[in-house]
Amino acid sequence: MSKNAVLAWSIVVALGGFLFGFDTAVISGAEKSIQKFWNLTVFEHGLTISIALIGTVIGSLVGSKPSDQYGRKNTLYFVAAAYLLSALGTALAQDWYVFLVFRLLGGLGVGISSVTAPIYISEIAPADKRGRLVGLFQFNVVLGILISYLSNYLIGAEGENSWRWMLGVQAFPSLLFLVLIYFIPESPRWLILKKGAEEAALKVLRIINPANCDQELISIRNSVHSGQESRAHDRLFSGQYRKPVMLAMLFAFFNQVSGINAIIYYAPRIFEMAGLGAHSSLLSTVGIGIFNFAFTLLAINFIDRVGRRKLMLIGSFGLIASLFLVGYTFYIEDFSGFAVPIYMMFFIAFFAFSQGAVIWVFISEIFPNQVRAKGQTLGSSTHWVMAALVAFGFPYFAETLGGATTFFFFAAMMVLQLLFVWRWMPETKGRSLEQIEDNIILH
């Protein structure tokens, strides 16, 4: 019963990841029609596409506040409502400025979801299943991206207003998410930390871990009481949290300087730089989506068995090799065959198997109960700010420096990531959140 209940709750919350992926990628099929419909200038078109990303950065920066003040569950209600209103608002908008407002709202939902959903799942998951369950969030992000591409393809031939259907169809999973949140409990750790509601928390803990629920309650209570000895425990940037802050920021930084968003957003452009025609470029892009999905699923099945650190070590070696090969191919300008797409598939496979699957799990684990929401906000906002910088900067650097230098830079960053993982990254598999806190903060 407990396993099925926790899995069901995690699947419901991971729907936030599905909508995250769907909302982020769906605009790719609609952007040309939107530009034509409102006769947008280059600047206006760029703002239309990027405003959701701006909302995501804002959402990730403020995500800890509602999560701490109103609870994880109530914050997820807001996220679901934001997705629903964004889908309906953008689909029905007759004014460009109204469209921008609703796209910004969808971006806020993505940003807050990237903070709250991993926190919630990490706080209700048993230690031996936490990696797999939090990994469901990233799996659903990837699934949402794939489904949005498929949805755009199926809707795409339905006339000049097809872009409205592309954006509006998200209302259906958003409404489902909004309804299903009603059936999940509040996080027991939040109930104890913010409300002192130990009886309510114990009811949830009995479902999650019936054999050791009383012991877990005591452990959570002790971690909270130890944090109340000083007001400094509520401040994320106090000296005692230096290690988890460093781990979260570096982990999120390396996630993006791998070049993942440059490759996801600009794959067709990269393939055309490598001499492929437009049709072959689009076909190769579909392959990237499939590899991303398949290896994320594989990683979820391994993350609790082999551990987060080992996945990152394996992934780092693969990322270095694949990025170096892409850079070398651009350097020698030998674009015969499908070398670049093949190396890109290897890159996506190793990324999905390591960074892609591990990031939300690891960041949600390493912060103590008192500052977990703030820590997740720090990691998430670092991730999204770097994503924006890489996405906006890649076309300029690729054109100015060339493909070889750009991809050699990404490879060099992955060498630094390998050193970071080998030297500083702790293993967190199979430990309770309170045990991880003791290991990172006290040692």
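# Reading the helices and their links

Reply: Start with helix H17, residues 372-401. Helix H17 has 30 residues and reaches 40 Å from its first C-alpha to its last, close to the 44 Å expected at 1.5 Å a residue. Keep in mind that this is a predicted model.

Me: Where in H17 does a kink lie?

Reply: A bend is read as the angle between axes fitted on either side of a residue. In H17 the kink lies at Gly-393 and is about 40°. The proline Pro-395 comes shortly after that point.

Me: How many residues of H17 are buried?

Reply: Buried means under 20% relative accessible area. In H17, 21 of the 30 residues are buried, so the rest of the structure largely encloses this helix.

Me: What follows H17?

Reply: Gly-402 does, and its phi is positive, near 95°.

Me: What span should helix H16 have, and how far apart are its end C-alpha atoms?

Reply: Take the expected span at 1.5 Å a residue, then compare the ends. H16 covers residues 339-365, which is 27 residues, and should span 39 Å. Its end C-alpha atoms are 38 Å apart, which agrees.

Me: Where is the kink in H16 centred?

Reply: The kink in H16 is centred on Ala-352, with an angle of about 45°. As for burial, 22 of the 27 residues of H16 are buried, so H16 too is largely enclosed by the rest of the structure.

Me: How do I read the chain as a whole? How many helices and strands are there?

Reply: Count the secondary structure elements. The chain has 19 helices and zero strands. Then look at burial: buried residues make up 58% of the 443 residues.

Me: Which share of the contacts joins residues at least 24 apart?

Reply: Take contacts between residues at least 6 apart in sequence. Of these, 83% join residues at least 24 apart.

Me: What does the chain expose?

Reply: About 18700 Å² is exposed. Carbon and sulfur atoms supply 66% of that area.

Me: Now the salt bridges. How many are there?

Reply: Look for a side-chain nitrogen of Lys or Arg within 4 Å of a carboxyl oxygen of Asp or Glu. By this rule the count is nine. Here is one of them: Arg-372 and Glu-123 meet through their side chains, at 3.0 Å from N to O. Arg-372 lies in helix H17 and Glu-123 in helix H5 (residues 96-124), so this pair ties together parts that are 249 residues apart in sequence.

Me: Are Arg-372 and Glu-123 buried or exposed?

Reply: Check each relative accessibility against the cut-off. Arg-372 has 1%, so Arg-372 counts as buried. Glu-123 has 2%, so Glu-123 is buried as well.

Me: Which residues are linked with them in a network?

Reply: The network of salt bridges links Asp-68, Arg-72, Glu-123 and Arg-372.

Me: Which salt bridges does Arg-308 form?

Reply: One joins the side chains of Arg-308 and Asp-304, at 3.0 Å from N to O. Another joins Arg-308 and Glu-365, with the closest N and O atoms 2.5 Å apart. The second pair links distant parts of the chain, with Arg-308 in helix H15 and Glu-365 in helix H16, 57 residues apart. Arg-308 is buried, at 0% relative accessible area. Glu-365 is buried, also with a value of 0%. Asp-304 is buried too.

Me: Which residues form a nonpolar patch on the surface?

Reply: The patch consists of Phe-324, Leu-325, Tyr-328, Tyr-331 and Ile-332. Together they have about 510 Å² of accessible area. Leu-325 is found in helix H15, residues 308-332. With a relative accessible area of 33%, Leu-325 is partly exposed.

Me: Loops next. Where does Gln-170 lie, and what does it touch?

Reply: Gln-170 lies in the loop between helix H7 (162-168) and helix H8 (171-180). Gln-170 is buried, with 2% relative accessible area. Leaving out residues up to four places away in sequence, Gln-170 touches Leu-19, Phe-22, Asp-23, Tyr-83 and Ala-87.

Me: And Asn-39: is this residue buried or exposed?

Reply: Exposed means over 50% relative accessible area. Asn-39 has 65%, so Asn-39 counts as exposed. Asn-39 lies in the loop between helix H1 (2-38) and helix H2 (42-62). Its phi is near 50°, a positive value in a residue other than glycine.

Key: Residues numbered from 1 in each chain as written. Predicted model: local features only at pLDDT ≥ 70, side-chain atom pairs only at ≥ 80, totals over all residues. Heavy atoms only, no water. Helix = DSSP H or I, 4+ residues; strand = E, 2+ residues; numbered from the N terminus. Expected span 1.5 Å × (residues − 1). Bend = angle between axes of the 7 residues up to and from the residue. Buried < 20%, exposed > 50% of the residue type's maximum accessible area, 1.4 Å probe, protein only. Patch = residues over 30% accessible without salt bridge, like charges linked within 9 Å, V, L, I, M, F, W, Y side chains within 5 Å. Areas by Shrake-Rupley, 256 points an atom, 1.4 Å probe, with all protein chains shown as cover. Contact = heavy atoms within 4.5 Å.
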